[in-house]
Amino acid sequence: MTQRVLVVDDDRTISDVVCRYLRHAGYQVSHVGDGAAALAAVARQAPHLVVLDLMLPTVSGLEVCRELRRRPDGIPIVMLTALGDEADRVLGLELGADDYLSKPFSPRELVLRVRSVLRRTGGEPAPDRPERLADGDLEVRTGPRVAALRGTELALTLREFDLLVHLMRHPSRAFTRAELLEQVWGWNFGDHSTVTVHVRRLREKIETDPAEPRRIVTVWGVGYRYEPADA
(Lines give C-alpha, C1' and ligand atoms only; values in the text may rest on other atoms or scores of the structure.)
Protein backbone atom coordinates (compact mmCIF):
# COMPACT_ATOMS: atom_id res chain seq x y z
CA MET A 1 0.00 0.00 0.00
CA THR A 2 1.34 3.41 -0.98
CA GLN A 3 1.67 5.62 2.06
CA ARG A 4 -0.03 9.01 2.01
CA VAL A 5 1.81 12.15 3.11
CA LEU A 6 0.15 15.53 3.55
CA VAL A 7 2.46 18.54 3.13
CA VAL A 8 1.27 21.72 4.86
CA ASP A 9 3.25 24.82 3.87
CA ASP A 10 2.20 28.17 2.45
CA ASP A 11 5.53 28.73 0.67
CA ARG A 12 4.85 27.40 -2.81
CA THR A 13 8.51 27.07 -3.75
CA ILE A 14 9.34 24.98 -0.68
CA SER A 15 6.20 22.86 -0.92
CA ASP A 16 6.79 22.10 -4.61
CA VAL A 17 10.30 20.84 -3.86
CA VAL A 18 9.17 18.81 -0.84
CA CYS A 19 6.29 17.23 -2.76
CA ARG A 20 8.53 16.35 -5.68
CA TYR A 21 11.12 14.63 -3.48
CA LEU A 22 8.49 12.71 -1.52
CA ARG A 23 6.76 11.54 -4.70
CA HIS A 24 10.09 10.45 -6.12
CA ALA A 25 10.59 8.41 -2.92
CA GLY A 26 7.35 6.57 -3.64
CA TYR A 27 4.83 8.35 -1.43
CA GLN A 28 1.38 9.55 -2.42
CA VAL A 29 1.57 13.27 -1.68
CA SER A 30 -1.02 16.02 -1.33
CA HIS A 31 -0.49 19.65 -0.40
CA VAL A 32 -2.42 22.44 1.31
CA GLY A 33 -1.25 25.94 2.18
CA ASP A 34 -3.02 26.88 5.41
CA GLY A 35 -3.95 25.42 8.78
CA ALA A 36 -7.71 25.22 8.31
CA ALA A 37 -7.26 23.38 5.02
CA ALA A 38 -4.80 21.03 6.74
CA LEU A 39 -7.33 19.95 9.37
CA ALA A 40 -9.96 19.44 6.67
CA ALA A 41 -7.54 17.43 4.52
CA VAL A 42 -6.57 15.17 7.44
CA ALA A 43 -10.24 14.43 8.14
CA ARG A 44 -10.89 13.74 4.46
CA GLN A 45 -7.74 11.86 3.41
CA ALA A 46 -6.51 10.16 6.62
CA PRO A 47 -2.83 10.54 5.64
CA HIS A 48 -0.20 8.31 7.20
CA LEU A 49 1.98 11.34 8.07
CA VAL A 50 1.82 15.15 8.02
CA VAL A 51 4.76 17.42 7.17
CA LEU A 52 3.75 20.58 9.00
CA ASP A 53 5.10 24.11 8.73
CA LEU A 54 4.60 26.28 11.82
CA MET A 55 4.03 29.65 10.16
CA LEU A 56 0.65 29.21 8.47
CA PRO A 57 -2.31 31.45 7.64
CA THR A 58 -5.79 30.96 9.22
CA VAL A 59 -4.66 28.40 11.83
CA SER A 60 -1.08 28.19 13.09
CA GLY A 61 0.99 25.05 12.75
CA LEU A 62 1.16 24.73 16.54
CA GLU A 63 -2.63 24.76 16.74
CA VAL A 64 -2.85 22.21 13.92
CA CYS A 65 -0.41 20.02 15.86
CA ARG A 66 -2.51 20.41 19.00
CA GLU A 67 -5.71 19.44 17.14
CA LEU A 68 -4.08 16.42 15.48
CA ARG A 69 -2.89 15.17 18.85
CA ARG A 70 -6.52 15.10 20.01
CA ARG A 71 -7.27 12.50 17.35
CA PRO A 72 -7.24 8.85 18.47
CA ASP A 73 -5.20 7.65 15.47
CA GLY A 74 -1.97 9.34 16.62
CA ILE A 75 -1.02 10.50 13.12
CA PRO A 76 2.75 11.17 12.96
CA ILE A 77 3.90 14.77 12.48
CA VAL A 78 7.20 16.00 11.07
CA MET A 79 7.41 19.67 11.91
CA LEU A 80 9.21 22.39 9.93
CA THR A 81 10.49 25.39 11.90
CA ALA A 82 12.23 28.61 10.99
CA LEU A 83 15.91 28.58 11.96
CA GLY A 84 16.34 29.90 15.48
CA ASP A 85 12.71 29.46 16.61
CA GLU A 86 13.77 27.28 19.53
CA ALA A 87 10.79 28.16 21.71
CA ASP A 88 8.33 27.17 18.97
CA ARG A 89 10.28 24.00 18.23
CA VAL A 90 10.24 22.93 21.88
CA LEU A 91 6.55 23.77 22.16
CA GLY A 92 5.84 21.72 19.05
CA LEU A 93 7.66 18.73 20.54
CA GLU A 94 5.76 19.18 23.79
CA LEU A 95 2.51 19.15 21.82
CA GLY A 96 3.50 15.80 20.35
CA ALA A 97 5.38 16.37 17.09
CA ASP A 98 7.40 13.26 16.29
CA ASP A 99 10.29 14.92 14.48
CA TYR A 100 11.37 18.33 13.25
CA LEU A 101 13.60 20.06 10.75
CA SER A 102 14.78 23.66 10.82
CA LYS A 103 14.56 25.81 7.71
CA PRO A 104 16.53 25.93 5.51
CA PHE A 105 16.70 22.14 5.27
CA SER A 106 17.77 19.44 2.85
CA PRO A 107 14.83 17.81 1.00
CA ARG A 108 16.79 14.54 1.02
CA GLU A 109 17.09 14.71 4.79
CA LEU A 110 13.37 15.39 5.06
CA VAL A 111 12.64 12.23 3.05
CA LEU A 112 14.89 10.24 5.38
CA ARG A 113 13.14 11.66 8.44
CA VAL A 114 9.71 10.84 6.95
CA ARG A 115 10.84 7.31 6.15
CA SER A 116 12.21 6.82 9.68
CA VAL A 117 9.01 8.05 11.33
CA LEU A 118 6.79 5.89 9.12
CA ARG A 119 8.94 2.85 9.77
CA ARG A 120 8.41 3.32 13.50
CA THR A 121 4.63 3.58 13.09
CA GLY A 122 4.51 0.10 11.61
CA GLY A 123 4.15 1.23 8.01
CA GLU A 124 7.24 -0.78 7.11
CA PRO A 125 8.18 -4.21 8.47
CA ALA A 126 10.00 -4.05 11.78
CA PRO A 127 13.03 -6.29 12.18
CA ASP A 128 12.54 -6.85 15.91
CA ARG A 129 10.54 -9.80 17.26
CA PRO A 130 7.48 -8.66 19.26
CA GLU A 131 8.12 -8.72 22.98
CA ARG A 132 6.49 -7.92 26.29
CA LEU A 133 8.26 -5.66 28.79
CA ALA A 134 6.90 -5.37 32.31
CA ASP A 135 7.92 -3.36 35.34
CA GLY A 136 5.49 -3.43 38.23
CA ASP A 137 2.24 -1.84 37.07
CA LEU A 138 3.79 -0.72 33.75
CA GLU A 139 3.50 -3.07 30.76
CA VAL A 140 4.67 -2.59 27.17
CA ARG A 141 3.94 -4.87 24.20
CA THR A 142 6.00 -4.00 21.16
CA GLY A 143 3.99 -5.98 18.59
CA PRO A 144 0.77 -3.92 18.81
CA ARG A 145 2.79 -0.95 20.17
CA VAL A 146 0.73 -0.70 23.35
CA ALA A 147 1.84 0.60 26.73
CA ALA A 148 -0.40 0.41 29.79
CA LEU A 149 -0.08 1.70 33.35
CA ARG A 150 -2.21 -0.01 36.02
CA GLY A 151 -4.23 -1.60 33.22
CA THR A 152 -5.01 1.69 31.46
CA GLU A 153 -3.57 2.19 27.98
CA LEU A 154 -1.25 5.19 27.69
CA ALA A 155 -1.57 7.72 24.88
CA LEU A 156 2.06 7.79 23.72
CA THR A 157 3.41 9.32 20.54
CA LEU A 158 5.57 7.01 18.46
CA ARG A 159 8.79 8.63 19.72
CA GLU A 160 7.65 8.44 23.35
CA PHE A 161 6.85 4.75 22.85
CA ASP A 162 10.21 4.02 21.21
CA LEU A 163 12.06 5.92 23.95
CA LEU A 164 10.25 4.00 26.68
CA VAL A 165 10.96 0.64 25.01
CA HIS A 166 14.64 1.48 24.57
CA LEU A 167 15.06 2.50 28.21
CA MET A 168 13.14 -0.50 29.54
CA ARG A 169 15.27 -2.84 27.43
CA HIS A 170 18.37 -1.48 29.19
CA PRO A 171 17.42 -1.06 32.85
CA SER A 172 19.84 0.77 35.15
CA ARG A 173 22.04 1.81 32.23
CA ALA A 174 22.81 5.51 31.89
CA PHE A 175 22.48 7.02 28.42
CA THR A 176 23.66 10.43 27.27
CA ARG A 177 21.22 12.56 25.29
CA ALA A 178 23.44 12.10 22.24
CA GLU A 179 23.23 8.31 22.60
CA LEU A 180 19.45 8.41 22.90
CA LEU A 181 19.21 10.74 19.92
CA GLU A 182 21.19 8.27 17.83
CA GLN A 183 19.73 5.01 19.15
CA VAL A 184 16.06 6.04 19.35
CA TRP A 185 15.76 8.75 16.71
CA GLY A 186 18.45 7.39 14.39
CA TRP A 187 20.22 10.77 14.24
CA ASN A 188 23.95 11.21 14.71
CA PHE A 189 23.43 14.96 14.96
CA GLY A 190 20.68 17.25 16.15
CA ASP A 191 19.37 19.32 19.04
CA HIS A 192 19.57 17.42 22.35
CA SER A 193 16.53 19.36 23.61
CA THR A 194 14.48 16.90 21.54
CA VAL A 195 15.42 14.17 24.02
CA THR A 196 14.84 16.43 27.03
CA VAL A 197 11.31 17.31 25.89
CA HIS A 198 10.37 13.70 25.19
CA VAL A 199 11.70 12.54 28.56
CA ARG A 200 9.63 15.23 30.27
CA ARG A 201 6.49 14.22 28.36
CA LEU A 202 7.08 10.54 29.10
CA ARG A 203 7.57 11.20 32.80
CA GLU A 204 4.22 13.00 32.88
CA LYS A 205 2.57 9.81 31.64
CA ILE A 206 4.33 7.05 33.60
CA GLU A 207 5.54 8.67 36.84
CA THR A 208 3.41 9.05 39.96
CA ASP A 209 5.15 12.38 40.58
CA PRO A 210 6.89 13.69 37.42
CA ALA A 211 8.74 16.28 39.54
CA GLU A 212 10.32 13.41 41.53
CA PRO A 213 10.71 10.67 38.91
CA ARG A 214 11.46 7.16 40.11
CA ARG A 215 11.51 5.32 36.79
CA ILE A 216 13.24 7.64 34.35
CA VAL A 217 15.85 9.29 36.53
CA THR A 218 18.32 12.01 35.66
CA VAL A 219 21.98 11.10 35.86
CA TRP A 220 23.60 14.49 36.44
CA GLY A 221 26.31 15.31 33.97
CA VAL A 222 25.39 12.31 31.83
CA GLY A 223 21.74 11.97 30.83
CA TYR A 224 19.06 9.48 31.88
CA ARG A 225 18.56 5.89 33.00
CA TYR A 226 15.56 3.66 33.58
CA GLU A 227 15.32 2.39 37.14
CA PRO A 228 12.96 -0.62 37.51
CA ALA A 229 10.33 -0.31 40.22
CA ASP A 230 11.61 -3.41 42.03
CA ALA A 231 15.30 -2.40 41.84
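Here's a quick tour of two spots in this structure: the residue D98 and a small group of paired strands. Keep in mind that the model is a predicted one. D98 sits in a loop, and the strands form an open sheet with helices lying across it.

**D98 and its surroundings**
- You'll find D98 in the loop that links α4 (86-95) to β5 (99-103).
- Is D98 buried or exposed? With a relative accessible area of 1%, D98 counts as buried, because the cut-off for that is under 20%.
- The D98 side chain has a polar contact with the side chain of R69, at 2.9 Å.
- Leaving aside residues up to four places away in sequence, D98 also touches I75, P76, I77, V117, T157, L158, R159 and W185, along with R69 itself.

**The three-stranded sheet**
- In what order do the strands of this open sheet run? The 3 strands go β10-β12-β11, and they pair in an antiparallel way.
- β10 (174-176) and β11 (216-219) are the edge strands, so each of them pairs on one side only.
- From one strand to the next, the twist averages 35°.
- β10 pairs with β12 (residues 223-226) through 3 bridges, in the antiparallel sense.
- Look for F175 here: its bridge partner in β12 is Y224.

**Helices across the sheet**
- Helix α7 (residues 177-184) lies across β10 and β12, and runs at about 85° to β10.
- Helix α8 (residues 193-206) lies across β11 and β12, and runs at about 140° to β11.

How values were computed:
Residues are numbered from 1 along each chain as its sequence is written. This is a predicted model: local features need pLDDT of at least 70, side-chain atom pairs count only at pLDDT 80 or more; totals for chains, interfaces and linings use all residues. Side-chain values use heavy atoms; hydrogens and water are left out. Helices (H or I, at least four residues) and strands (E, at least two) are DSSP runs, numbered from the N terminus. Buried means under 20% relative accessible area, exposed over 50%, partly exposed in between (1.4 Å probe, protein chains only). A polar contact is a pair of N or O atoms within 3.5 Å; within protein, one must be able to donate a hydrogen and the other to accept it, and residues adjacent in sequence count only if both atoms are side-chain atoms. Contact means heavy atoms within 4.5 Å. Two strands pair if DSSP finds at least two bridges between them. Axes are lines fitted to C-alpha atoms, for helices over the stretch in contact, and angles run from 0 to 180 degrees between N-to-C directions.
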